[in-house]
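Welcome! Below are a few exercises for getting to know a protein model step by step. Have the structure open and try each task before reading its solution.

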Amino acid sequence: MKLSRQFTVFGSAVFCVVIFSLYLMLDRGHFDHPKSPRREGAFPKGQLSILQEKIDHLERLLAENNEIISNIRDSVINLSESVKDGQKNSEAINFSQGSLSELFPSASALLAVDSEDCLSASKSGSHSSGVQMLDVYNILPFDNPDGGVWKQGFDITYNEDEWDSEPLQVFVVPHSHNDPGWLKTFDDYFRDQTQHILNNMVIKLQEDKRRKFIWSEISYFSKWWDGIDSQKRDAVKRLIKDGQFEIVTGGWVMADEASSHYFAVIDQLIEGHQWLEKNLGVKPESGWAVDPFGHSPTMAYLLKRAGFSNMLIQRVHYSIKKHFATQKTLEFFWRQNWDLGSSTDILCHMMPFYSYDIPHTCGPDPKICCQFDFKRLPGGRVSCPWRVPPEAIHAGNVQHRAWIILDQYRKKSKLFRTKVLLAPLGDDFRYTESSEWDQQYQNYQKLFDYMNSRPEWHVKAQFGTLSDYFEALRKESNLGEKSTNSLFPVLSGDFFTYADRDHHYWSGYFTSRPFYKHLDRVLESYIRAAEILYSLALVQSSKSEKMSVFPSVDNYKLLTEARRNLGLFQHHDAITGTAKDWVVVDYGTRLFHSIMNLKKVIIDSAHLLILKDKSAYTYDAATPFLKMDDVQSSQDSLPHKTVIKLTLQPRYLLIYNPTEQERFSVVSVNVNSPRVKLLSPLGKPVTVQISAVWDGATTVSHEAYQISFVAHLPPLGIGVYQLLEDESSEAVLADYNIYVRNSRQEKPDRVFKIKEMEHSVDNIILENAYMKLWFSGMSGLLEKINTKKDGKNHQMKVEFAWYGTTSNRDKSGAYLFLPDGDAKVTLLFAKSIFSPIIVYFRYIYQGLEGQSLEVSNIVDIRGEYNRELAMRISSDINSQNRFYTDLNGYQIQPRMTLSKLPLQANIYPMTTMTYIQDVGVRLTLHSAQSLGVASLKNGQVEVIMDRRLMQDDNRGLGQGVQDNKITANVFRLLLERRHGTDVNEEKAPVSFPSLLSHMTSLFLNHPVIPMTTNADSGIPELITTFSPLMSPMPCDMHIVNLRTVQAKVDTKPSDEAALILHRKGFDCRFSNRDVGLLCSTTQGKLKVHKLFSKFRVESLTPTSLSLMHSPPDARNISEINMSSMEINTFRIRLR
């Protein structure tokens, strides 16, 4: 009976789908498509409206049918859940029936990607922002004439009477820039400097109500707060309430904006803002970024969505600063390239001069401004390099000194559009000693008092916080009133690549210390996986008394520590690779410990979720139920796979899929015997390929064998496989051809067929269902690709090349890239012992991952001297000096390779991808780590993989980069056909990846996580599949995180989590057919009750990005509705 009922359900589902597709085909047949819907001008008006009605009608029908299909699917799921079949448990059925892909291998043809969900350059590029950075790059000559006292600028003049009608308002903002690690570790800086700065702040601000101070790094502030008494804490709260002390940005650190991924930037913002809410009840409103080396619009977007109104930036190319100063566009509304409205606008102030130190912040003349840095009074430890020291202010000199600094203030204010002026007063680790507070605050107060007492000077000067300044600025410029035309221009684009002087471009740090840039992303992937599983396990554990032994509090502590270690590493001297060697080791150790701790959180959470009989749950910290299949022995070594011991008793192999998409992925694990059998979650044998594990390049290990198979996994779910030893194993053994210089026949291997081949001029050919690849017989490197769909051949030559450094006095270092000319191509051989680089090409024969080529390089340049290694891909794509790089894994920024700029200026940061394209094809290089990239010649993409530099580049670090590690760089190469592109769009300031490209990136950055049961026997029964989502998320919806929120008191978790969703913008003039996509798109709509299958959503309320603000009308919602490109956070309670 049960079986026949299942067949009925299956049959009816199949029948409905077939009828539906027939109906669609017939319906389409009634309706003649215009040849090109984009040339609307060709149609008479009447026909257009009829056409429009038909289209609307069709869309309504489609929507209804989508609803019908999803209802059918829901009822199929419900029916199947009620079918309790002995062998099969309901979860496995739910998964296999709930997804069409089990029924139809080519289900992708049925899954609708709605054209309304697409973004394309032609659609999004039409908005007008006043200033587009791509245009600025085009028009600027990037010359560097001597500007006088303001070396990189020009002479500023003014008339004395300019302030008669409206006085100049000056806000002097004292600050101290505290790097959480650079020349010392975080803890050493805290011990030696930071704690004293904050201790003195409490005392000194209380001495005079007019004194102000701002602070940004919560990593330091929270450490200090933990060590002070309640009296001091109350004083701090009072100072904040009275507006004397302000927290700006309030992130864990002042994050780098080039190499950081948006996941981690958001995470460190949440960590800081949650800490502030819990301990101070404070919500920052202004961003302060004086030291990151170049600025990304992603940061502007995240701050805006976190509820900020204002932001400040400093390190921008000196030519751009000068240009903006002449145009008075140093203050602007920064708008996202993709924004057709103005909802992403945030008011941004760009500091005009060379640095954020005191000599470069009071006005254009550093020689004069330095005389007003009263820490440099004669007799102190620091002096002015311009050889004119400051003078203490007294009655005898106050008139003269006040007039001199007022002249600087007036000149600086001429670069802006209002009579409100910002003059920061601080530098790195300033205000440590009590005496410095007195020197600065007392001398400046005398100057202010005198200035303000001279009405004919028309000035009002005072100490202020950053928000004091922005408040006055908004009041002065009538912002906040309903006037549409604002005083300030709108700007779109980014501020890379930064140069602070001459041809000194800071493009070296895009790659410096790539080992840790990769480790950062490994930690990100683990932390996201752990957060999501922990959040689900926490809900599960509250369902019964028996499960309350789940170590929720201990694991929450580990999660919090991991968030903070990841947050710390986003600092602009950490992920950038620009800290001292021992500081890098300190960061690395923190990342490494957190990876180990997160593995424990993942294992503990999976244990609870995967048990069939939850009442049998026990927790024993000493013997964990599961273990991961890889180990990393130290912070600076690569992980290696553990060997799983097989017995005749089946051992569970769990595969966790941390992405929100159903997935077919090749999984490889190492076992101790080639006689292996693998059973799927439904207990059926799975085809397995056995490959050799190599000791060195030509000898095979017999301690371990690699088995590979295609795992089919539910979104955010766990598939439970079983491994056992079996004499009659039907596994497929791999054959090997080894290409060597001179053959030396060894005795044959007892398991594998191994043939030695001479290096030959003939190509080596590999192929799968989607493409055919030719590799050079000499080097083993890729030469060309044939895409089977259209039968076209594409040149695709992979080479490696070295850059040296200049012979000038200034050489490349951790920050700067100063090459000695073009790179020299080197003959490296893939997979040969002679090679410093080993390139493995692994092949997948089905599904989404089979359409791109995995390129994994093991890089070791420890023997080199002042050299940088690049991987270059040369194709026949006519890219015309344009290429595209992502910003922070969030958005794509078009780039122009400009011949008027030196080579090092044409290198840009890549976080997750870069591509080149012409009318017919797009070639994307996906990356699992941030690195510097360029496209220096037509059809080329080049990525800098590692750099070893023997000297300092004079930016304060005081050392070269010589702590290179053996580094694994992982990429995927994706070649796609483009349809229906037009020429104008190639010049648009915006571009989007395809859905396939987004998915490829997602799978590359979030690999599946295999785990095995620890013990050989006594294992309780497990469910066959853990499948927490009702269906895969829409193709363009990404779950950024599901992050359990802290309780109001203690370090415990609360019953609430932050669900962060990102709706990705994609270009759909690429084929979505047969690309292995197992999802559809839904116009950004999600029904909340259809999200989870094992859990009930008790409440879901919208909040700002970092949970600081709830909208005034915040209430429980039943449908999520998101626009393309948006990232939204919701507070969610699950039961």
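In these exercises, contact means heavy atoms within 4.5 Å. The model is predicted, so to speak of local features a pLDDT of at least 70 is needed and side-chain atom pairs count only at pLDDT 80 or more, while totals for chains, interfaces and linings use all residues. Residues are numbered from 1 along each chain as its sequence is written, and side-chain values use heavy atoms, with hydrogens and water left out.

**Exercise 1. Find the surroundings of Leu425.**

Step 1. Locate the residue: Leu425 sits in strand S9, residues 420-428. Strands (E, at least two residues) and helices (H or I, at least four) are DSSP runs, numbered from the N terminus.

Step 2. Check its accessibility. Leu425 has 2% relative accessibility and therefore counts as buried. Buried means under 20% relative accessible area, exposed means over 50%, and partly exposed lies in between, using a 1.4 Å probe and protein chains only.

Step 3. List what it touches. Leaving out residues up to four places away in sequence, Leu425 touches Val172, Val173, Pro174, His175, Ile358, Phe372, Tyr431, Gln440 and Tyr444. His175 is 250 residues from Leu425 along the chain, yet their C-alpha atoms are separated by 6.1 Å.

**Exercise 2. Work out what holds company with Asn888.**

Step 1. Asn888 belongs to the loop between strand S33 (882-887) and strand S34 (891-896). Its relative accessibility is 3%, so Asn888 counts as buried.

Step 2. Look for polar contacts. These are pairs of N or O atoms within 3.5 Å; within protein, one atom must be able to donate a hydrogen and the other to accept it, and residues adjacent in sequence count only if both atoms are side-chain atoms. A polar atom of the Asn888 side chain lies 2.9 Å from the backbone oxygen of Glu257. For the backbone oxygen of Ser260, the distance to a polar atom of that side chain is 3.0 Å.

Step 3. Widen the view. Beyond neighbours within four places in sequence, the contacts of Asn888 include Ala258, His261, Tyr262, Ser296, Thr298 and Thr911.

**Exercise 3. Follow the chain from S5 to S6.**

Step 1. Start at strand S5 (residues 286-289): Ser286 and Trp288 point one way, Gly287 and Ala289 the other, and all are buried.

Step 2. Find the partner. S5 and strand S6 (residues 310-313) run parallel and are joined by four bridges; two strands pair if DSSP finds at least two bridges between them. Ser286 stands opposite Asn310 in S6. Between these strands the chain passes through H11, and this β-α-β crossover is right-handed: with the strands pointing away from the viewer, the path from the first strand over the helix to the second runs clockwise.

Step 3. Examine the helix. Eight of the nine residues of H11 (residues 297-305) are buried, so the helix is largely enclosed by the rest of the structure. At its start, a side-chain oxygen of Ser296 comes within 3.1 Å of the backbone nitrogen of Thr298. After H11 comes Gly307, with a positive phi near 100°.

Step 4. Place the strands in their sheet. The open sheet has six strands in the order S1-S11-S7-S8-S6-S5, with mixed pairing. S1 (131-132) and S5 are at the edges with a single partner strand each, so one side of each has no neighbour in the sheet.

**Exercise 4. Which strands pair with S38, and in what sense?**

Step 1. Strand S35 (residues 908-910) runs antiparallel to S38, and three bridges join them. Here Pro909 stands opposite Gly932.

Step 2. Strand S39 (residues 940-948) also pairs with S38 in the antiparallel sense over three bridges, and Ala934 stands opposite Glu942.

Step 3. Inspect the turn. S38 and S39 form a hairpin with five residues between them, and Gly939 in the turn has a positive phi of about 80°.

**Exercise 5. Where should the model be read with care?**

Step 1. Begin with the average. The protein averages a pLDDT of 88, and 86% of the residues score at least 70; pLDDT is the predictor's confidence in each residue, from 0 to 100.

Step 2. Find the low stretches. Over residues 1-46 the pLDDT is below 50, and this stretch has 42 contacts beyond near neighbours in sequence. Residues 831-845 stay under 50 too, with 46 contacts beyond four places in sequence.
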